[in-house]
Amino acid sequence: MAVIAVLLIVWIILVVALVLLGRRALARELATLVPNLTRLFAGLLRDPRVPFRAKLVLGGTVLYLAMPIDLVPDFVPIAGSLDDAIVAAFALRYVMRAASPEVVAEHWPGDPATLRRILWLAGGGTRRARP
């Protein structure tokens, strides 16, 4: 529980720092990333158009993200969260190929540009490509 509290505090500090540095759009993306990924994964897991194997990948990703042990510890600034983002991005890339980009985009509750950035991180296309 203490780890979650520390991560939440670091996340809030990073968002506030971005706002203070004048990077409001980036701060908003970061502030909504985790809730948006949660809603996206939940929607994809319930969607009958998503193949079972893709749902297994999503379930495994959720378990990995919930685990307190990561490839890079979360207390490491920036890099600690980056491994979680990369794992989520690769899972989404797989789901996009297994189901379709339209299904993923349909369940994404946030800014479409943020989803494009996540998929770009996983090598799922260019930033200009539509999910």
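**Reading salt bridges and burial in a helical model**

Modeller: E106 is exposed, with a relative accessible area of 53%. That value comes from a predicted model.

Colleague: How do I read that percentage, and what makes E106 exposed?

Modeller: The cut-offs do the work: buried means under 20% relative accessible area, exposed means over 50%, and partly exposed lies in between. E106 has 53%, so this residue falls in the exposed class.

Colleague: Which residue forms a salt bridge with E106?

Modeller: A salt bridge here needs a side-chain nitrogen of Lys or Arg within 4 Å of a carboxyl oxygen of Asp or Glu. R49 meets this with E106, where the closest N and O atoms are 2.8 Å apart. R49 sits in the loop between α2 (24-46) and α3, and E106 in helix α5 (residues 101-107), so the pair ties together parts that are 57 residues apart in sequence.

Colleague: How many salt bridges does the structure hold?

Modeller: There are 2. R49 also pairs with D47, with 2.7 Å between the closest N and O atoms. D47, R49 and E106 are thus linked in a network of salt bridges.

Colleague: Is D47 buried or exposed?

Modeller: D47 has a relative accessible area of 5%, so it counts as buried. R49, at 43%, is partly exposed.

Colleague: What is the overall fold pattern along the sequence?

Modeller: The pattern is α-α-α-α-α-α, with 6 helices and 0 strands. The protein has 131 residues, of which 29% count as buried.

Colleague: How should I read contacts between residues far apart in sequence, and what share join residues at least 24 apart?

Modeller: Take the contacts between residues at least 6 apart in sequence; 51% of them join residues at least 24 apart. For a single pair, consider Y64 and A88, which are 24 residues apart along the chain and have C-alpha atoms separated by 9.4 Å. Y64 belongs to helix α3 (residues 52-66) and is buried, at 16% relative accessible area.

Colleague: And the surface: which residues form a nonpolar patch?

Modeller: I12, V16 and L20 do, with about 300 Å² of accessible area together. L20 is part of helix α1 (residues 2-20). Its relative accessibility is 70%, so L20 counts as exposed.

Colleague: What share of the exposed area of the protein do carbon and sulfur atoms supply?

Modeller: They supply 70% of the roughly stated total, which is about 8,300 Å².

Key: Residues numbered from 1 in each chain as written. Predicted model: local features only at pLDDT ≥ 70, side-chain atom pairs only at ≥ 80, totals over all residues. Heavy atoms only, no water. Patch = residues over 30% accessible without salt bridge, like charges linked within 9 Å, V, L, I, M, F, W, Y side chains within 5 Å. Areas by Shrake-Rupley, 256 points an atom, 1.4 Å probe, with all protein chains shown as cover. Helix = DSSP H or I, 4+ residues; strand = E, 2+ residues; numbered from the N terminus. Buried < 20%, exposed > 50% of the residue type's maximum accessible area, 1.4 Å probe, protein only. Contact = heavy atoms within 4.5 Å.
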